[in-house]
Amino acid sequence: MSPAADLVVFAGPLALRAVDQSGSPQWELRHRCWAGCAGHTDFSEDADDRDHRYANRGSAAFSSDGKTVWAHVHGPLEHDAPDHDRGEEWLVIDAADGTVLARTETQTAAAGSAHVPHPDPGQMGLTIGEGQDGSPLRWGKWDGDALNVHTFGDEDRVLLGVSLSGDHLLTVTHDQDVLAVHLVADGSVVAELNADVIPPHPAVEEDTTDDEAQAFFDYEGGFVDENTLVVGTVESDEEFGTGRHWLVDAVHMQLIDQIAYPFPVPGLPKALGDGTWYTVSNLDQAIHIWAL
């Protein structure tokens, strides 16, 4: 959704489609099917096919000023030349009319992806999941003419968030054992936190092995403010009871404390960067916004 909430872009299996507040399509950009087939005009043609039902997928996000859309798609695009053999691509698109302003191949084989916007509208993060094969990270910079993409050493990390200042980003390793704060300027690691500092869940039984009891970080987290992170160990906690959320000192990467809520909070914490974060109720009926 655009920052002004007047346009939504859906990243589908065959196309990107922009829709306004009334539901009217504004533009569409078609690309090769994410299921990897030779091509078709309507997804319903192969909806019952297993490869299509469980197809890989891309993603899209607006820049911070809402003027461009960044999209991860399966190339080639519909109007490319017949011999235009391209794999997965990262596009910068004019949000007003769907014109492709810049494009580059990602050199990935995605099962899925997610964008992480930067306060600077000319920058965007892209985290790409390749299943058990890893999670390459891409950082894009577009100056209005050229799109430059940095891999930050092609480290196997999942991008979780960007600080409100835009100076730092947060990642977790693909195996979920190490959080890291990086400089956006060059991707270098400023500080790290290993999951072995997380105490076992209080419901862990005495005969549970150390490996089974060891918590690990979720693929969700972010900056509550410039100096504080909120992260979860919900996935590793679910075998033993309610998942836990944690506050972390983003400067020294030290565990501050477990968050104590006034009532049970399911799911993952999602940071908003302005001193708050939110959670979603168990039946998705309410959003709760929290502050320190």
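# Briefing: two open sheets, a hairpin, a buried histidine and two spaces

In strand β13, the residue that forms a bridge with R157 is T173. That pair is a handy place to start touring this model, which is predicted. R157 belongs to β12, an edge strand that spans 157-162, and R157 also appears among the residues that line the largest cavity. From here, the briefing moves through the sheets, the hairpin, H118 and finally the pocket and cavity.

**The sheet that begins with β12**

- Four strands make up this open sheet, arranged β12-β13-β14-β15, and their pairing is antiparallel.
- Its edges are β12 (157-162) and β15 (189-194), each of which pairs on one side only.
- From one strand to the next, the twist averages 25°.
- β12 is joined to β13, residues 168-173, by five bridges in the antiparallel sense, and the R157 to T173 pair links these two strands.
- As general background, the strands of a sheet pair through backbone hydrogen bonds, and they can do so either parallel or antiparallel.

**The sheet that begins with β16**

- A second set of four strands also forms an open sheet, with the order β16-β17-β18-β19 and antiparallel pairing.
- Here the edge strands are β16 and β19 (254-258), and each finds a pairing partner on one side only.
- The twist in this sheet averages 30° from one strand to the next.
- β16 and β17, the latter covering residues 228-232, run antiparallel and are joined by four bridges.
- Looking for a landmark in this pair, you can take G221, whose bridge partner in β17 is V231.

**The β10-β11 hairpin**

- β10 (residues 137-142) pairs with β11 (residues 147-150) over four bridges, in the antiparallel sense.
- Across this pair, W142 faces L147 of β11.
- Four residues lie between the two strands of the hairpin, and G144 adopts a positive phi near 95°.
- L137, at the start of the β10 range, is one of the residues that line the largest cavity.

**H118, in a loop**

- Where does H118 sit? It lies in the loop between β8 (112-117) and β9 (123-129).
- Is H118 buried or exposed? H118 counts as buried because its relative accessibility is 6%, under the 20% limit for that label.
- The H118 side chain reaches two backbone atoms: the nitrogen of D120 at 2.9 Å and the oxygen of G166 at 2.7 Å.
- With neighbours within four places in sequence set aside, H118 is in contact with S64, Q123, W139, V162, G166 and V184.
- In that list, W139 falls within the range of β10, while V162 falls within that of β12.

**The largest pocket**

- The volume of the largest pocket is about 580 Å³.
- Its lining consists of 23 residues, and those closest to its centre are V116, P117, V162, A271 and L272.
- The elements that contribute two or more residues to this lining are β8, β12, β16 (221-225) and β20 (270-271).
- V162 links two of these topics, as a contact of H118 and as a residue close to the centre of the pocket.

**The cavity**

- How many cavities of 30 Å³ or more does the structure hold? There is one.
- The largest cavity has a volume of about 50 Å³.
- Its lining is made up of L137, T151, F152, E155, R157, L169, T171 and H182.
- L169 and T171 lie within the residue range of β13, so the tour ends beside the strand where it started, the one holding T173 as bridge partner of R157.

Definitions and conventions:
Residues numbered from 1 in each chain as written. Predicted model: local features only at pLDDT ≥ 70, side-chain atom pairs only at ≥ 80, totals over all residues. Heavy atoms only, no water. Pairing = 2+ DSSP bridges. Axes fitted to C-alpha atoms, helices over the stretch in contact; angles between N-to-C directions. Buried < 20%, exposed > 50% of the residue type's maximum accessible area, 1.4 Å probe, protein only. Polar contact = N/O pair within 3.5 Å; in protein donor to acceptor, adjacent residues only side chain to side chain. Contact = heavy atoms within 4.5 Å. 1 Å grid on protein atoms, 1.4 Å probe; cavity = no way out; pocket = protein on both sides within 12 Å on 5 of 7 lines; lining within 4 Å. Points joined across faces, edges and corners; volume = space filled by probe spheres on them.
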